[in-house]
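Thank you all for coming. I would like to walk slowly through one protein chain this morning, so please have the picture in view as I talk.

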Amino acid sequence: QGAMPEKEKDQFPPLQIGQRVVVLGKRKGFVRFCGPTAFGPGEWVGIELEKPTGTHDGEANGQRYFTCPMNHGIYVQRHGVHPVNSWQAAAFQIQSFLRGRKDRQGADFKRTFFTWNQMEMQDESEYLNQTATISRVEQMLKAYHPANTPNQSHSAVAMSISAGVSIDPHTWGQEVEVQETYKGPRIEFPVTEKNVREVLNHIRTRPHEPIHPKFVMQLIGSSIELFNKVLKDSVFDMDVPSCEDGKLVILGDTHGQLADFLWVLKQNGEPSEKTGYLLNGDIADRGDHAAEILIITLLYKHLYPMTVSINRGNHENIEMNRRAADNGGGFFDELKGKYGEHGPTIFMMFAQLFEVLPIASTVSKRVFVVHGGLFRREGVMIQHLRTINRRRQCPTTTDNIEDSLLFDCLWADPWDFNGVARAANRGQNCIRFGPDVTKRFLGTNGLSLCIRSHEVPSSLRGFEDRHDSRLLTVFSASNYCGHTGNFGAVVIFHADMSYTVEEHMAPPLRVLVQEYAGQEAPAVVERSSQDMDQLRERMEFENMSKIEQCVVRHKDDLWWYWTQVDPTGTGLVPAAVWRNGMSSCLQLDLPWFSLQKSLVDVDSEGKVNYKQFLERLRPNVEENKAFEPGWEYKMVHKVYESLLYSDKPLQQIIAMFDSDGDGLVSPLEFKQAIQAANIGIPESQINAILRVIDRNKDGKLAVSAFLDRFQVVYSYGRKLKNEDVDKTKTVNVELLNKIGKELVGMRSRVDAFQSIDVNHDGYLTKDEFYSALETLAISLSEEEKLKIWSAVDVNEDGHLNYLEFCAAFQVVDTSEQSQKAMSSIIEAILSALQQNAMSMNFAFRYFDQENKGKVKVKDFLSGLRALNASMQGNAPLAEEQLEVLVEYVDRDKDGWIDYEEFLSAFDSSKLGQTEFVKSRVERLSSHGSDKS
């Protein structure tokens, strides 16, 4: 079979039979054979492995050269075997370790990115859910406040008019003065190439110094007129420049990442008659420099109107732009930060511009370019898309065909199976379309390729070829959001309609700025494994924060899921059940097994303490920024007062809670009783109460004990501000407490009440109450008795019902149950408000058509009532609580509420990490250091 070459003999010295060796840098064993074999040329070594990780007992392919125990035998060529202590073996082991570490690092990174990407889609899903709520809120507001209706519309134009923006874009910016201190470039019309280069050079070298708002307004207005002039309908027809070296550069999402945009210009040349550019939507949001990308592109659009264009994306949308950057938005905040008082006006001007952008483009009548994707409806032709009314916000429903086509242009995603399916992870009304849909659409319209964007490819490349090479996804924002590590890409069409895809990893913006400013820029080095670990950790930090917020939103569902398999209330469930609960209740397809170690501790029996996990998570809200101190006590007690004023006799109250008469109250009976009482306690608050009222092993509690516990929960809310305490009609609170202790003693308050109720009618008359006072070892004058009676007869009907009695004479809660309960109820309120912050913003803006950021107290209350009414049985607050909330939000009592400041308190993205996230992040870091 051939001997080993002399050169190999020198490199690999002879092995001895029985010698201990390392195989391929990993497995160890003993040499049992050396020499030529029938397996192939060269020298082969037969190894008996120390562990049963082989494939035979010395016989392979009908040949036997040695004998060993089954699954301990393996044959390898000589170059893969080295003595245990040789330098070659050490080198092989080091290489193997490094390869393994790199592979693990890559797998960890992709797993972390997968989670990050799913959470990003969850953000967009929450956005779409909120748009549905907004539609219902709008219906309520129009019905009850029609005076505001004429100025409200789904068009940015109508909303801009309400905000005082002129209907004539040609006049925009005329009244804005340019201060002498402004040293930046000026934009003049008609735009010249010299002027464009001045602006481009300014942005390249001083990107953090905004162009003056006057010129931005004028540019937006002029651009709207230009798009209206060159765009005949809702689809723009482009051609690749026909000259020999002509090309068209197509960018996917840039999301305000100026470094990527400048890098693409640098690599491919600035727009010109020979070089066209098409930006395929999602310029806005996430990054800090969407305004600069738009300014540059619009200026070149003026120079080359037929070879430079922008498609509309799902992020060119008012409500999306108003969200925080960490929740998928950020464009509104970017403009406010750059242009101050002019920011909201410029935002509405951009919103009008976005509505005139084409929803798709064709390239040389052969390629279809759209931001999202193709359609749920069959038989769609380009002509159908041309006639769509695009001058409006993205529709929130897809019931009619025109709305569904516009929605899918902006939101659809591909998948690898035929047909159309709902994309639940992307959000309400979203779909996925298969290769058969792509093939039919292209065939129907005589096209050869569809280019879309909208998502980072799961491979972390800048592009993804799908559907038998008929569909190409391109995404241009490299290292998206500063930590995903993905490549960006552009598609370049040449004059002969051939195309290439060029990927990039843009240098940091500061490096490009230094280079353009003529300074010595630091060398851009290839990303190291340490860099990748840092990027992964950043993603993990964001993942942890978003998972925490998601858990808080779904806490009721999680409690229910885990308590059903924990009938004795231990607070423990098997880790597998914990994972299933997270997946089922959060409806997120995440790698929960790997996330588990970062979120919870698993004990020696493989169980997770779900109670601790849920109790330590609270909405990340700046309460002191939103409310005056003391609001939480008043909010909690307000609902108990509703029951108190219902004035039911004791027998009816007991029957209300114990419907089956077994002397015990079950969670179901409690819920039904509260709902039957029609006092409007939201279900989330009912669930919060149930979680902290301990019950027996069957989940029930004796009626008298339950009523005591229930009163404890709500009476804690009587810890009011001083001015509220004074309303007890001058009765000394300590005296009331002393009387209560003697009246109740060691009994339950039900028993105490019944002993005083001599005629057993379920109420205490004044005479019955006075008789009970006379039995006490406390000397009281008639005047004091009258004051006490006036204080405890809250509804002033001449008798005491049971709940009035409880409210006056409270039991002492030594288990801290009341504090826990109030915290749980307040958490439910804050979570509901935070989850619906986007809808509240819309409701308040309905009354604030001039964009002042303030509304009258009555309008603030009307906005909250509209939200409550639109929640389809899941209202965040009881009606009584709405009035309390407004009272404590209007801090200076001037009749106006700064709703932007109020809503900013619920913006978790600006509050930093909670203690929970910080602790888990530290754990992640320690795991990372262990691995390295």
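Let me begin with a question: which residues of α6 are buried? They are Leu258, Ala259, Asp260, Phe261, Leu262, Trp263, Val264, Leu265 and Asn268. Because nine of the eleven residues of this helix, which covers residues 258-268, are buried, α6 is largely enclosed by the rest of the structure. Just after the helix comes Gly269, and this glycine takes a positive phi of about 90°.

Before I go further, I should say plainly that what you are looking at is a predicted model.

Now let me step back to the whole chain. The chain has 932 residues, and buried residues make up 57% of them. Its secondary structure consists of 37 helices and 29 strands. If we take the contacts with a separation of 6 or more, residues 24 or more positions apart account for 71% of them. As for the outside, the chain exposes about 40300 Å², and carbon and sulfur atoms supply 49% of that area.

With that background, I would like to turn to a second covered helix, α33, which spans residues 837-847 and has eleven of its eleven residues buried. Among them are Phe842, Phe844 and Phe847, but also Asn841 and Arg845, so please do look at the polar and charged names in that list as well.

One member of α33, Ser839, is also buried, and Ser839 leads us to another part of the chain, since it is touched by Thr133. Where does Thr133 lie? It is in helix α2, which runs over residues 87-144. Leaving aside residues up to four places away in sequence, Thr133 touches Asn836, Ser839, Leu867, Ser870 and Met871. With a relative accessible area of 6%, Thr133 counts as buried, because the cut-off for that word is under 20%.

Let me move on to charged side chains. Side chains of opposite charge can pair when their charged atoms come close. How many salt bridges does a search of the whole structure find? It finds 46, and I have picked out a few of them to discuss.

In one of them, the side chains of Glu827 and Arg618 meet, at 3.9 Å from N to O. This pair links distant parts of the chain, with Glu827 in helix α32 (residues 817-835) and Arg618 in the loop between α19 and α20, 209 residues apart. Glu827 is buried, with a relative accessible area of 7%, whereas Arg618, at 27%, counts as partly exposed.

Another salt bridge joins Lys893 to Glu628, and here the closest N and O atoms are 3.1 Å apart. Lys893 lies in the loop between α35 and β29, while Glu628 is in the loop between α20 and α21, so the pair ties together parts that are 265 residues apart in sequence. Lys893 is partly exposed, with a relative accessible area of 47%, and Glu628, at 18%, counts as buried.

The next pair sits within a single helix. The side chains of Lys785 and Glu782 meet in a salt bridge at 3.5 Å, N to O. Both residues belong to helix α30 (residues 782-792), and because they are three residues apart there, about one helical turn separates them. It helps to remember that an α-helix has 3.6 residues a turn, so residues three or four places apart point the same way. Is each partner buried or exposed? Lys785 counts as buried, at 7% relative accessibility, whereas Glu782 is exposed, with a relative accessible area of 52%.

Salt bridges can also be joined up, and in this model Glu124, Asp413, Arg426, Arg452 and Glu455 are linked in a network of them.

I would also like to point to the surface, where Val157, Ile161 and Ile167 form a nonpolar patch with about 280 Å² of accessible area together. Val157 is found in helix α3, residues 156-162, and it is partly exposed, with a relative accessible area of 36%.

Last, a word on cysteines. A disulfide is a covalent bond between the sulfur atoms of two cysteines. How many disulfides are counted here, if a pair of cysteine sulfur atoms must lie within 2.5 Å? The count comes to zero. Two cysteines you may wish to find in the picture are Cys34, which counts as partly exposed at 25% relative accessibility, and Cys481, which counts as partly exposed at 26%.

Definitions and conventions: Residues numbered from 1 in each chain as written. Predicted model: local features only at pLDDT ≥ 70, side-chain atom pairs only at ≥ 80, totals over all residues. Heavy atoms only, no water. Helix = DSSP H or I, 4+ residues; strand = E, 2+ residues; numbered from the N terminus. Buried < 20%, exposed > 50% of the residue type's maximum accessible area, 1.4 Å probe, protein only. Contact = heavy atoms within 4.5 Å. Patch = residues over 30% accessible without salt bridge, like charges linked within 9 Å, V, L, I, M, F, W, Y side chains within 5 Å. Areas by Shrake-Rupley, 256 points an atom, 1.4 Å probe, with all protein chains shown as cover. Salt bridge = Lys/Arg side-chain N within 4 Å of Asp/Glu carboxyl O. Disulfide = S-S within 2.5 Å.
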